[in-house]
Amino acid sequence: MTGLEVWSNVEFDEHERVMFCSDPSVGLRAIIALHRLGPGPSLGGTRMWLYPSEGAALSDALRLSRAMTYKAAMAGLPYGGAKAVILGDARRDRTPSLLRAMGQAIEGLGGQFVTGEDVGIGIEEVALMRGATRFVVGCHGQDSSPVAARGVFRGIMASLEYRGLLSVQRPIRVAVQGLGQVGMPLCALLAKEGFELTVSDLDSARLNAAIRDFGARAVSPESIVEASVDVLAPCAMGDVITVDNVHGLKAQIIAGAANNQLASEGVGRLLREKGVLYAPDYIINAGGLINNAMQLKSYNYEEVIRQTEKIGETLLEVYHYADEREMSTSVAADHIAQDRIARASMKQFAAVNKAV
Ligand code: NAI
């Protein structure tokens, strides 16, 4: 029998804690990965997904939590990264008792982990977890998804500006894959700007709403990656751009909300060779984290938006860095993030030494 590999998992990056949670009485099986613990809590959403295997769930938790550390660093937030994944079908298994049990597991970490929404977990579910733990953020009126959409919109605009596409004499064409909590409000912002929308979703009701409300053109989930558009905005799940489909891309820009959009690092290189500008996911989708981090202090919506708008400037910094060094934007983003994380750790180390 082969066991579940943790330390030898390719996504393991010296994570500080990985916790396996189980409560058979309510069907709970979850993994909480804390990538970096800072002076404050580690932040990251809780996802519920029907993974094909336990290994896939672990890899997802490890990879997503690492990205949260990078995301916080690039958004200028003094927090470590973390992520929780619940193994199960959100439509079938997401019962109030399971969510309360998940809340208890989070409470057991004593505040090292603060969580909120992600795929399969919305603010209703966050409210149920709140019944068992103090360490959740996200509620009606302070929902992170519309803020994430706003950040993605800002990132698309910055990317169009960088590529000189804002001055073309025709409507800008954007394909949005996934019309969920982020994809739908993103469509609203793009439609308001006069952009032409192509959309896909597995849910026909959401597709019909986008056709009705934004005059969008619907295409199949299989074909959207190769749609004839200026911008592809992946707003569903990860691993959207692969070595197999990268050659069929027609978009000049990839800029969307989904985490882990590139299936491998090699895809970033291929995108550069093909001349496609990729907005690194953990930078462009940081609006949700910025919103949630603000809830740990006193919430101020105007300040959340002010910080979220800076995503455009951060992307431009990454694009210039990548072009100057002829590297992919994904590697450029990692370089800048690693530098910021190292500096923050040195500062923290110096502060602790001063105190003792
Ligand atoms: P969601 O679950 O509300 O929406 C996802 C949508 O994608 C659903 O409508 C689903 O039917 C659709 N979908 C799934 N697979 C698809 C496929 N193969 N083709 C087309 N459509 C497909 O999720 P949400 O919250 O909108 O998040 C979307 C992405 O953005 C996720 O990757 C998430 O991690 C990321 N994200 C979300 C944030 C948030 O605040 N909600 C913040 C930052 C990132």
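D239 is a good place to start: in this predicted model, its relative accessibility is 36%, so D239 counts as partly exposed. You will find D239 in the loop between β10 and β11 (253-254). Its backbone deserves a look as well, since the phi of D239 is near 55 degrees, a positive value in a residue other than glycine. As background, most residues other than glycine have a negative phi.

Now move along to N260, which sits in the loop between β11 and α8 (265-274). Here, too, phi is positive in a residue other than glycine, with N260 near 55 degrees. Is N260 buried or exposed? With a relative accessibility of 11%, against a limit of under 20% for burial, N260 counts as buried.

Both loops touch on β11, so to speak, and that strand leads us to the sheet. Picture an open sheet of six strands with parallel pairing, in the order β9-β8-β7-β10-β11-β12. At its edges are β9 (217-218) and β12 (277-278), each of which pairs on one side only.

Let us step inside the sheet, to strands β7 and β8. Strand β7 (residues 173-177) pairs with β8 in the parallel sense, over five bridges. If you want to follow the register by eye, take V174, whose bridge partner in β8 is L197; R173, for its part, stands opposite E196 in β8. How enclosed is strand β8 (residues 196-200)? Four of its five residues are buried, so β8 is largely enclosed by the rest of the structure.

A helix belongs to this picture too. Helix α6 (residues 183-192) lies across β7, β8 and β10 (231-234). Relative to β7, α6 runs at about 170 degrees.

Finally, turn to a pair of helices, α5 (residues 144-162) and α11 (residues 301-309). Their axes come within 9 Å and cross at roughly 30 degrees. Angles under 35 degrees count as roughly parallel, and α5 and α11 are therefore roughly parallel to each other. The crossing in which α5 passes α11 is right-handed. Which residues meet there? From α5 come V147, R150, G151 and R154, and they meet Y301, V304, I305, T308 and E309 in α11. Sorted by class, this contact of α5 with α11 has four nonpolar, two polar and three charged residues.

Methods:
Residues numbered from 1 in each chain as written. Predicted model: local features only at pLDDT ≥ 70, side-chain atom pairs only at ≥ 80, totals over all residues. Heavy atoms only, no water. Axes fitted to C-alpha atoms, helices over the stretch in contact; angles between N-to-C directions. Helix = DSSP H or I, 4+ residues; strand = E, 2+ residues; numbered from the N terminus. Parallel < 35°, antiparallel > 145°, perpendicular 65-115°, else oblique. Left-handed = near helix turned anticlockwise from the far one by under 90°. Contact = heavy atoms within 4.5 Å. Nonpolar A, V, L, I, M, F, W, Y, C, P; charged D, E, K, R; others polar. Buried < 20%, exposed > 50% of the residue type's maximum accessible area, 1.4 Å probe, protein only. Pairing = 2+ DSSP bridges.
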